[in-house]
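This report goes through selected features of one protein chain, element by element, and should be read with the sequence and the coordinates at hand.

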Amino acid sequence: MKREKKQPENDKKVTEWASKKEVVKTSFPIYFTLLLMKNLPKFLTDFIVLCVAFFFYVFNKNARQECKRFQKQLKNYKPDAIKKISPYKQISAFAITFVEKMECWVKPKPTVKLTFCDDDVQELIDHLNSGKGAMLLVSHLGNAEIFRNLANNNDIYLNREIPISVLMDLDSTSHFTNTLKKVNPEFVQNIIDINHINPGTIDILSETIEQGGLVVCAADRVSKYNENKTVKCSFLGKEASWPYGVYLIPMLLKSPVYYISGYRTRDVAFDRKYEFHVKKSSIDTNCKRNIRETNIQKLCFEYVQELEEHCIKHPFQWFNFYDFWKNSQE
């Protein structure tokens, strides 16, 4: 773990991608697409997917390059994980997931078919049903919005409604967030800006946990405001930076941590079939202050190991379109 007073040259590279804004600079296309998603039948939304994939692939050179970079890195780390490098396949998978995420944002009952895998999902359900809260660490692999939609609609075998607080980078997703407020105001009510965490924010999150709720956050992107506060951990055979604050929060909340992953059974398919994985972290978050830093490092390492396993199984559903290892030491 490295936290420098002066920003070294390699950490400046983290800032370059952490500071990137949304590709879409106006909210109208998003708003229009969300309205279509809210009202169109499935066969027409599938057609939208094909259009999104084509235009994203043709006009986003950076995405093509980063898909290729990620797939090459994975192939070097695990040669049999990918038979053939295909940026278009990864972008097509992203387009399908993007539309399915939109369904989760605007439709109370998305048309996905979800299979819970035989892991720690029942343990999480029992934990929540007992009135206790937890923190969920998700990623930009697959579609974590499915779980949020299920939880909001109480479709995960819970015996009560649970409060949910979602930590999100509102600066880099401002157009999406503002548009969602228009289309589905209820869906953005529980979103908290991760870029501006303060003692008051921690109090809100603590209250969510105390009420037996969930705090949800992606743990695989560094905020542009905290590029100097990172945890260094190898990912697919090469050192990468991970957001220190995300792994600190469960220590402050003293809450158990679960890793959540939801992705399609086939990377590129219109059948809406998803499998859902839950794994409870073995790291003690209710620890003494003198071992907190060590446990933060352990928590990050455990999360990355879990993420690597799922990336190897479904590499084309990795949707971090930037050089994830740009800051690493060569």
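## Helix 6 and the residue after it

In this predicted model, helix 6 spans residues 121-129, and its buried residues are Val121, Leu124, Ile125, His127 and Leu128. Around the helix axis they cover an arc of only 160°, which means that they lie on the same side of helix 6. The helix is followed by Gly131, a residue whose phi is positive, near 95°.

## Val278 in strand 9

Two of the buried residues of helix 6, Val121 and Leu124, are also among the residues touched by Val278. Val278 belongs to strand 9, which runs over residues 273-280, and because its relative accessibility is 1%, below the 20% limit for burial, Val278 counts as buried.

Leaving aside residues up to four places away in sequence, the contacts of Val278 are with Asp119, Asp120, Val121, Leu124, Tyr258, Tyr259 and Ile260. One of these partners, Tyr259, is 19 residues away along the chain, yet the C-alpha atoms of Val278 and Tyr259 are separated by 5.7 Å.

## Two loop residues with positive phi

Most residues other than glycine have a negative phi. Against that background, Arg272 has a positive phi, near 60°, and its place is in the loop that connects strand 8 (257-264) with strand 9. With a relative accessibility of 1%, Arg272 counts as buried.

Leu236 likewise is a residue other than glycine with a positive phi, in this case near 55°. Leu236 sits in the loop between strand 6 (230-235) and strand 7 (238-243), and because its relative accessibility is 0%, Leu236 counts as buried.

## Helix 3: a buried face and an exposed face

Helix 3 is made of 18 residues, and the distance from its first C-alpha to its last is 26 Å, close to the 26 Å expected at 1.5 Å a residue. Its buried residues are Thr45, Asp46, Ile48, Val49, Ala53 and Phe56. Viewed down the axis of helix 3, these buried residues fall within an arc of 155°, so they line one face of the helix.

On the face turned away from that buried side, helix 3 carries the exposed residues Phe43, Phe47 and Phe59. One of them, Phe59, also takes part in a nonpolar surface patch of about 440 Å², which is made by Phe54, Phe55, Val58 and Phe59. Phe54, another member of this patch, is likewise found in helix 3, whose residues are 42-59. At 46% relative accessibility, Phe54 counts as partly exposed, because this value falls between the limits of 20% for buried and 50% for exposed residues.

## The chain as a whole

The secondary structure of the protein chain comprises eleven helices and nine strands. Of its 330 residues, 53% are buried, while the area that the chain exposes is about 15,600 Å², with carbon and sulfur atoms supplying 54% of this area.

Among the contacts between residues at least 6 apart in sequence, 79% join residues that are at least 24 apart. On the scale of a single residue, the contacts of Val278 with Asp119 and Asp120 give an example of strand 9 meeting a part of the chain that is remote in residue number.

Conventions: Residues numbered from 1 in each chain as written. Predicted model: local features only at pLDDT ≥ 70, side-chain atom pairs only at ≥ 80, totals over all residues. Heavy atoms only, no water. Patch = residues over 30% accessible without salt bridge, like charges linked within 9 Å, V, L, I, M, F, W, Y side chains within 5 Å. Areas by Shrake-Rupley, 256 points an atom, 1.4 Å probe, with all protein chains shown as cover. Salt bridge = Lys/Arg side-chain N within 4 Å of Asp/Glu carboxyl O. Helix = DSSP H or I, 4+ residues; strand = E, 2+ residues; numbered from the N terminus. Buried < 20%, exposed > 50% of the residue type's maximum accessible area, 1.4 Å probe, protein only. Expected span 1.5 Å × (residues − 1). Arc of directions from axis to C-beta. Contact = heavy atoms within 4.5 Å.
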